Amino acid sequence: MTSNQTAARRLRDPSADHLLTPQNAALVVIDYQPSQLQTVASMDHQVLTDNIVSVARLATTFQLPVVLSTVGVMTRGQEPTLPELKAVLADDAEIDRTEINSWENVEFRDAVVATGRKKLILTALWTEVCLAFPALDALREGYEVYPVVDAVGGTSLEAHRSGLERVVQAGAQPIGWVSLACELQRDWARTETVPDIVDIVLTTRLFAHA
């Protein structure tokens, strides 16, 4: 038996797995716009940008459904999604809203439902508002929510931490972007995604900043 056959035999049902898999999760990306990023004070802006781009690259590698949303582009003249992030998510249309809480936008909620996934990898600016509000609503509606703690930011470190604490107390499961990469990959015998994972996590990021 080959190593690939052994890996396949041991593979748990990827749709029913309690951990994140490419078959049971969707990525939600909310309000990564210049005006939102400018007011983030909880972490370095470039590191935050690099981290959310890495998350988006993971979604592309594992072919996760993506829900991408902005606020105030059409109604208030706000700039759309950060160019470096949009370049990775070029095939994903932006759902523009007036609502602060994206879950209150019908088009946004319909897009989440249309993914068919109950595990939501959630990213947003700011943590205490645009992440917290939809996370709390999604949890109440039976979704599992995974905020990517090092790819989100708040208007202060205290606000960021309190936003995460609020959603965790409600049942969200925090995750870091490197942990997310390893959870989706899970087995190095899944060779088709190994080159991308090595590049995203090691070559481009961890080794580059060592």
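## A salt bridge across the chain

Arg186 and Asp17 make a salt bridge, with 3.1 Å between the closest N and O atoms. This pair ties together distant parts of the chain, 169 residues apart: Arg186 sits in the loop between helix 9 (177-185) and helix 10 (194-206), while Asp17 belongs to the loop between helix 1 (3-10) and strand 1 (25-30). Please keep in mind as you read that this is a predicted model.

Asp17 has another partner too. Arg12 forms a salt bridge with Asp17, and here the closest N and O atoms are 3.2 Å apart. Arg12, Asp17 and Arg186 are thus linked in a network of salt bridges.

How accessible are the members of this network? Asp17 has a relative accessible area of 6% and counts as buried because that value is under 20%. Arg12, at 42%, is partly exposed, and Arg186 is partly exposed as well, with 31% relative accessibility.

## Strand 4 meets strand 5

Six salt bridges are counted in the model by the rule used here. One that deserves a look joins Lys119 to Glu144, where the closest N and O atoms are 2.7 Å apart. Lys119 is in strand 4 (residues 119-124) and Glu144 is in strand 5 (residues 144-147), so this pair, too, links distant parts of the chain, at 25 residues apart.

Is Lys119 buried or exposed? Lys119 is buried, with a relative accessible area of 5%. Glu144, on the other side of the bridge, is partly exposed at 30%.

## Two buried residues and their contacts

Gln33 is located in the loop between strand 1 and helix 2. Its relative accessible area is 0%, and Gln33 therefore counts as buried. Which residues does Gln33 touch, once neighbours within four places in sequence are left aside? The contacts are Thr70, Val71, Val73, Gln78, Glu79, Pro80, Thr81 and Leu82.

Leu164 is part of helix 8 (residues 157-169). With a relative accessible area of 13%, Leu164 is buried. Beyond its neighbours within four places in sequence, Leu164 is in contact with Thr127, Pro147 and Val149. You can also follow the chain from Leu164 to Pro174: the two are ten residues apart in sequence, and their C-alpha atoms are 7.9 Å apart in space.

## The second largest pocket

Rolling a probe the size of a water molecule over the atoms shows where empty space is left. In the second largest pocket, that space comes to about 160 Å³. Helix 2 (34-38) and helix 7 (127-140) are the elements that each give two or more residues to the lining of this pocket.

Which residues line the second largest pocket? If you would like to select them in your viewer, they are Asp31, Ser35, Gln36, Val71, Arg76, Gln78, Arg97, Thr98, Ile100, Trp126, Val129 and Cys130. Sorted by class, the lining holds five nonpolar, four polar and three charged residues. Val71 and Gln78 provide a link back to the previous section: both appear in this lining, and both are in contact with the buried Gln33.

Definitions and conventions:
Residues numbered from 1 in each chain as written. Predicted model: local features only at pLDDT ≥ 70, side-chain atom pairs only at ≥ 80, totals over all residues. Heavy atoms only, no water. 1 Å grid on protein atoms, 1.4 Å probe; cavity = no way out; pocket = protein on both sides within 12 Å on 5 of 7 lines; lining within 4 Å. Points joined across faces, edges and corners; volume = space filled by probe spheres on them. Helix = DSSP H or I, 4+ residues; strand = E, 2+ residues; numbered from the N terminus. Nonpolar A, V, L, I, M, F, W, Y, C, P; charged D, E, K, R; others polar. Buried < 20%, exposed > 50% of the residue type's maximum accessible area, 1.4 Å probe, protein only. Contact = heavy atoms within 4.5 Å. Salt bridge = Lys/Arg side-chain N within 4 Å of Asp/Glu carboxyl O.
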